[in-house]
Amino acid sequence: MAFQLCHSPSTFFTDHHSLSNSLTSQRKTTLYNSSRLFKLNPIPRHSKPFLQITNVSLQEYAPQETHNPTPSDDEISKYPDGKSGSSSKSSVWVNPRSPRASKLRKQSYEARYTSLTRISESLDSCNPCEEDVADVLKVIGSNILEQDAVVVLNNMSNSQTALVALRYFQDVLKSSKQTIFYNVTLKVFRKCRDMEGAEKLFEEMLERGVKPDNVTFSTIISCARLCSLPNKAVEWFEKMPSFDCNPDDVTYSAMIDAYGRAGNVDMAFSLYDRARTENWRIDPATFSTMIKIHGVAGNYDGCLNVYEEMKAIGIKPNLVIYNSLLDAMGRAKRPWQIKTIYKEMIKNGFSPSWATYASLLRAYGRARYGEDALLVYKEMKEKGLQLNVILYNTLLAMCADVGYVNEAVEVFQDMKSSGTCSPDSWTFSSMITIYSCSGKVSEAEEMLNEMVEAGFDPNIFVLTSLIQCYGKAKHVDDVVRTFNRLLELGLTPDDRFCGCLLNVITQTPKEELSKLINCVERANPKLGFVVELLLGEQEKEGDFRTEASELFSVVSGDVRKAYCNCLIDLCVNLDLLDKACELLDLGLTLQIYKDLQSRSPTQWSLYLKGLSLGAALTALHVWINDLTKVLESGEELPPLLGINTGHGKHKYSDKGMASVFESHLKELKAPFHEAPDKVGWFLTTKVAAKSWLESRASPELVAA
């Protein structure tokens, strides 16, 4: 069996440039045999690195004795089973077991390349001092070629010893190709992600009068990218013109990613638009960065556009692209698109990584897709993937929002037993919220104690949840104690905290209201004044509507409806119907409530979704009065009248507005009945409504 000995020096290429300017291969010497032909590659089976050297050929420096080692006819005749298979003088057939074959193997540059790579490995492990490096390099011999130096440096992975080896080669060779030596040494610094060392080496180049080229800058720029230093990459990119270096398309494409990561979004977009126009080759990392840029800017459709453009030009998304897109769609709260993208990812043969699961978990958590989030969590646990504290907290916050009590307890226990992370203040806050909203006082208190023992002081979110918990349980004294604790901790009551106090007042017996009103006055004097006016305190002077309007103008917009709902509930509980109606009218005037009533030729409707029970009953009372006035004026009612309560239920209660309202309509003997084909709708006909309205001597409002 014969082998073909390939006799050619290594050809080097950069890792980001095309195959242009490659070194010319030497002629080949082949050995022939009449039996089956194989290639004998003396280089180890792992692939060897390649390096492009611009405008330089090292063929002229190859050892002459390795060129054309063609055996003579006398030598061939010594081996009877070999015969010539070509008329070329550079190729003969030789028995691979013959001494001649062994000699040719040793003469090939591939064999020399293998020994040089071993020298690189030895240099990586030796001390970075001149004596040790010189001892290692002695094995090359006195006839060192420039190509040898390039091979050794290019295959090293220790920047400290590479620097010493560079000095050695510079002293021995006195070469004019110094830029090449510096470039391959810079590549070692890039492997080591030593940006500081690379910059110092560049300064040395300039001090020694060595002119950098495009490869120099592209290597330093890529080093900055690997070191996650996008600002450095931009800095070096913008230095290129001052050294008469013009970036190529590949470098420009890489800078889209660098500018994007550095926060210069306009430049990133400008280069990206140019890349599309001029058909630059864009790498997946750049597409990933563009998706992230659009995501941070809130342009989620832009994320999808980049994704589609990438596929349109034939670039297949990788796992990083999918993860970036999933994260962006999670920020957009588009769980339906997340499911579509994830299915496509799996279909294309990608296995979800930890980052994939993290993106899914965050996305489903934000969107409150409870079942989907828990499925992702269970799949991660089955695969042995560990969650960090942020993912655990995301799950627990979602459980608090959707009312998953048992599931939250399971996740919390898993977190404590994981051994990789411990609960933080947000973890305890979510658990206390879950127990508080469920009315589990003792569990909430135990969790608070555990939080304090872990070294965390309760924050305002925790104390807000506790006040809500004690309020539901009618533990008024505990509410007051918790409020005092908040002040002792130096915390300032915010609008949400005061809203929670106000909500507790609506659930408190009249004889204990004074305790809580005192807390409200200390937390928010304006709110306390409005509550006292509502209760009809004799010593308080002021117009109730005016004061309430001023209150709504100073509180944050996200709590205005909650404040108005609670004040109306308090009025209904205390049978203050006129003030309840006044507050509802004020809410409509200030656009706190919108579109509560609608009228069409065929149906008049009342919409109660988003209202508290007291506010909904007040709105019903006002609507019934409006319908009565219509009849008294002689105006006709439409064929159908309807009340829409919404179809949801409270996340911590089995009862929704529809079930509560159904009972109230029955008490009023109102002819409204739940529509079987329209969830949350109660309908009646014109005839039934007219008969009922006429039978009512005077409308009454039943307290919540």
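The following paragraphs describe the overall make-up of the structure, its sheet, one of its helices, its aromatic and charge–ring arrangements, and one buried asparagine.

The structure is a predicted model. The protein has 704 residues, of which 49% count as buried. Its secondary structure amounts to 33 helices and seven strands. Among the contacts with a sequence separation of 6 or more, 67% are made by residues 24 or more positions apart. The accessible surface is about 34000 Å², and carbon and sulfur atoms contribute 49% of this area.

Five of the strands are arranged in an open sheet of mixed pairing, in the order S3-S4-S5-S7-S6. The edges are occupied by strand S3 (597–599) and S6; each has a single partner strand, so one side of each is without a neighbour in the sheet. In general, strands of a sheet pair through backbone hydrogen bonds, in either a parallel or an antiparallel sense. Strand S5 (residues 640–644) and S7 run antiparallel and are joined by five bridges; within this pairing, Asn644 has Trp681 of S7 as its bridge partner. Strand S6 (residues 673–674) is likewise antiparallel to S7, with two bridges between them, and His673 is placed opposite Leu683 of S7. The hairpin formed by S6 and S7 has six residues between the strands, and in it Gly680 adopts a positive phi near 85 degrees. Strand S7 itself (residues 681–685) has four of its five residues buried, and it is therefore largely enclosed by the rest of the structure.

Among the helices, H17 (residues 354–367) was examined in detail. This helix comprises 14 residues and spans 20 Å from its first C-alpha to its last, close to the 20 Å expected at 1.5 Å a residue. Because 10 of its 14 residues are buried, H17 is largely enclosed by the rest of the structure. The buried positions are Thr356, Tyr357, Ala358, Ser359, Leu360, Leu361, Ala363, Tyr364, Gly365 and Ala367. Their cover includes helix H15 (319–331) and helix H16 (335–347), together with helix H18 (370–382) and helix H19 (389–402). Just after H17, a positive phi of about 65 degrees is found at Arg368.

A search of the whole structure identifies 17 aromatic pairs. One of them is the edge-to-face pair of Tyr272 and Phe287, with 6.3 Å centre to centre and 85 degrees between the planes. This pair links distant parts of the chain, 15 residues apart, with Tyr272 located in helix H12 (residues 265–278) and Phe287 in helix H13 (residues 284–296). Both Tyr272 and Phe287 are buried. A stacked arrangement is found for Phe483 and Phe497, at 6.1 Å centre to centre and 25 degrees between the planes. As Phe483 belongs to helix H24 (residues 476–488) and Phe497 to helix H25 (residues 495–506), the pair ties together parts that are 14 residues apart in sequence. Phe483 and Phe497 are both buried. In addition, one aromatic cluster is formed by Phe202, Phe217, Trp236 and Phe243.

Aromatic rings also take part in arrangements with charged side chains. Arg599 lies over the face of Trp604, 3.9 Å from the ring centre. For Lys579, the charged end sits over the ring of Phe544, at 5.4 Å from its centre.

A polar residue in a buried setting is provided by Asn565, which is located in helix H29 (residues 560–573). Its relative accessibility is 9%, under the 20% limit, and Asn565 therefore counts as buried. Apart from neighbours within four places in sequence, the contacts of Asn565 are Tyr593, Gly610, Leu611, Ser612 and Ala615.

Methods
Residues numbered from 1 in each chain as written. Predicted model: local features only at pLDDT ≥ 70, side-chain atom pairs only at ≥ 80, totals over all residues. Heavy atoms only, no water. Buried < 20%, exposed > 50% of the residue type's maximum accessible area, 1.4 Å probe, protein only. Pairing = 2+ DSSP bridges. Contact = heavy atoms within 4.5 Å. Areas by Shrake-Rupley, 256 points an atom, 1.4 Å probe, with all protein chains shown as cover. Phe/Tyr/Trp six-rings, centres within 6.5 Å; stacked < 30°, edge-to-face > 60°. Lys NZ or Arg CZ within 6 Å of the ring centre and 35° of its normal. Expected span 1.5 Å × (residues − 1).
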